[in-house]
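Subject: Structure handover

Hello,

Please find the structure below, handed over for your use. My notes on what was found in it follow.

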Amino acid sequence: MHLSELTHPNQLHGLSIHELEAVAQQIREKHLETVAATGGHLGPGLGVVELTLGLYQTLDLDRDKVIWDVGHQAYPHKMITGRYNNFNTLRQKDGVAGYLKRCESRFDHFGAGHASTSISAALGMALARDMQGDNYKVVAIIGDGAMTGGMALEAINHAGHLPNTNLMVVLNDNEMSISPNVGAIPRYLNKMRLSPPVQFLKDNLREQFKQIPFVGENFTPEMERLKEGMKRLAVPKLGAIIEELGFTYIGPVDGHNLEDLIETFQQAHEIKGPVMVHVSTVKGKGYAIAEKDQVGYHAQSPFNLATGKAIPSNKPKPPSYSKVFADTLVKLAEDNSQILGITAAMATGTGLDKLQAKLPEQYIDVGIAEQHAVTLAAGLACEGMRPVVAIYSTFLQRAYDQIIHDVCIQNLPVFFCLDRAGIVGVDGPTHQGMYDIAYLRCLPNMTIMAPKDEAELQQMLVTGINHTSGPIAMRYPRGSGNGVPLMEEGWEPIAIGKGEILRQGDDLLLLGYGTMVNTAMQVAEILGEHGIDATVVNARFVKPLDTELIVPLAQKIGKVVTLEEGCIMGGFGSAVAEALLDHDVLVPVKRFGIPDQLVDHATPDQSKVDLGLTSSQIAEKIRELFLTKEPSTVNIPK
């Protein structure tokens, strides 16, 4: 069967192992061809091809539900559930999403962008099934490091307390999240995977049974149970731990052996109550370059499939914000042993792998455990250390209570560095960094800043490390900087809560925050061509807001526009409007930012066009709203 003809995953039922292996090859070829052309996650999906095919042979996908953790593992799932023919649109505007999406397919039963959620969601579905008197199967697939997240352990703790609730958890053990997994759990899994008894049994047990007279190829159910029992004797510890938690444990099973996988999943379905199937896979399986460099090929920009090398850009780009952040932090940390960089399994993404390489004793990776990362930093700050918590904006949301309870209430000097703030592009709604301004600025004791360019990021990094009177956060975007000159050393901190005037004008006040300062300057240039002279302010801080600068300018000029790359509700523009109202300055204010909607996967430039956030669109809207009306016709809030 060719996958281009597949309309339903159940059509794969009944195929021989040889035919399924041919399907697996088609999946890998399409996967590699697509990601090489469009960019995307590479290694995770390649590692679960046989796991997906083997599991789906044992399920009725019209009824049974599979819940994937870390949705970028699910590319093979997407291909065999009706998206093979348009898989080449992966992560493109209006194309196939890079993560699971309920509205994209009836086979995507739960959206999955963040990690460690599958067991909780699957348990909820299993409980709903039982309450409604139904009998379909529910399977959670967790892996790519998600077992290092505390939420997964919370769900296991709950599920193990429900012996009459049928639930299968498949542990995809590939030793990796994005970077190698850290912590006691993955270390133990690795020891078990590689222990001589397990390797011997996995490689030789079936062959040894075949030598028994009258057995040969004819494995009875009793012999299968004996085989599994002998495997369990070799690996008693994990099985004992899982079973003490209320699960039946099966494994480890070779995640690339379809015959063993199908047999194991069929056996697991017969077990009453929660069961965990431990599957050992290789991240990047089938593409030797990705198998060799599992960190580098977790995700890739477009690349040459033959060489594995990235396709060079037409013109050189300035260094990324993440690179400038990492290089500057390393230099600061070399001179200050109190500085500690903390990441939640995102060392390469945040740039902290450079700190790990240069100053490993000043680097901490906690795994996919953002809550722990924040409270760990709070404990370090209690004892005089300078913790720098580098986490993507979208992932810091997972630790909101810890930010409030453990950091802000105690007013501890933790420095939050929020990478990927604003529009991030092709990863879609789960990864857009839209909300950090709104969710942080309402917190007492918190200081929040954003640089207009990569040079100001260097200054703000120094500012944050020097700020010891309470917590402070800095947001910065994904991608390249503006190409401004950088300093190698001698950075001066910025005065807390102080903005700067970049351009003077009497007709309009443009207040830019972070990445939108450059846009504000472009808008001012466009308006200037129409005879409209604007003042442009780089606010720098949303909290504390520089009211000493902004309020008098707003009162004098009389028309205010705010620009931010974050949600409008509760964001920078809201802070400005609130400040003006508090000072009884009743002037028209127009806020530009992300409206109350989700931003889907597309390039950042495409999203900005759709949202009306390009400089030309903003300039045109300003002219329509403010500058084509007489002042008396402008609606001023009462």
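I start with Arg-420, which lies in the loop between strand S11 (415–419) and helix H19 (436–441). Its phi is near 55 degrees, a positive value in a residue other than glycine. Arg-420 is buried, because its relative accessible area is 14% and the cut-off for buried is under 20%. Please keep in mind that this is a predicted model.

A second residue with this kind of backbone angle is Asp-94, where phi is near 65 degrees, again positive and again not in a glycine. Asp-94 sits in the loop between H4 and H5. Is Asp-94 buried or exposed? Asp-94 counts as exposed, because its relative accessibility is 72% and exposed means over 50%.

As for the chain as a whole, there are 638 residues, of which 57% count as buried. The secondary structure comprises 25 helices and 19 strands. If one takes the contacts between residues at least 6 apart in sequence, 76% of them join residues at least 24 apart. The exposed area of the chain is about 26100 Å², and carbon and sulfur atoms supply 52% of that area.

Next, the annotated positions. An unreviewed UniProt entry carries the annotation "binding site" for His-72, Gly-113, His-114, Ala-115, Gly-145, Ala-146, Asn-174, Tyr-287 and Glu-370. I looked at two of these residues in the model.

Ala-115 is placed in the loop between helix H4 (75–83) and helix H5 (118–131). With a relative accessible area of 10%, Ala-115 is buried. Which residues does Ala-115 touch, not counting those up to four places away in sequence? They are Asp-69, Val-70, Ala-146, Ile-368 and Arg-398. Among these, Ala-146 is also covered by the "binding site" annotation in the UniProt record.

Tyr-287 is in the loop between strand S6 (274–280) and helix H12 (288–292). Tyr-287 is buried as well, at a relative accessible area of 8%. Apart from neighbours within four places in sequence, Tyr-287 is in contact with three leucines from the N-terminal part of the numbering, Leu-32, Leu-42 and Leu-46. The other contacts of Tyr-287 are Phe-303, Asn-304, Leu-305 and Gly-308.

Outside the annotated set, Arg-540 has a list of its own. Arg-540 lies in the loop between strand S16 (534–538) and strand S17 (541–543), and counts as buried at 13% relative accessibility. What does the side chain of Arg-540 make a polar contact with? The partner is the side chain of Glu-500, at 3.3 Å. Leaving aside neighbours within four places in sequence, the residues in contact with Arg-540 include Ile-448, Met-449, Ala-450, Glu-456 and Met-460. Also in contact with Arg-540 are Ile-494, Lys-498, Gly-499, Glu-500 and Tyr-513.

Finally, the cis peptide bonds, in case they matter for your setup. One joins Gly-251 and Pro-252, with omega about 0 degrees. Pro-252 belongs to strand S5 (residues 248–254). Another cis peptide bond joins Lys-543 and Pro-544, and here omega is about -5 degrees. Pro-544 is in the loop between S17 and helix H22 (547–557).

Regards

Terms used. Residues are numbered from 1 along each chain as its sequence is written. This is a predicted model: local features need pLDDT of at least 70, side-chain atom pairs count only at pLDDT 80 or more; totals for chains, interfaces and linings use all residues. Side-chain values use heavy atoms; hydrogens and water are left out. Helices (H or I, at least four residues) and strands (E, at least two) are DSSP runs, numbered from the N terminus. Buried means under 20% relative accessible area, exposed over 50%, partly exposed in between (1.4 Å probe, protein chains only). Contact means heavy atoms within 4.5 Å. Accessible areas come from the Shrake-Rupley method with a 1.4 Å probe; for residues, only the protein chains shown count as cover. UniProt positions are given in the numbering used here, feature names are shortened, and annotations may be inferred rather than shown by experiment. A polar contact is a pair of N or O atoms within 3.5 Å; within protein, one must be able to donate a hydrogen and the other to accept it, and residues adjacent in sequence count only if both atoms are side-chain atoms.
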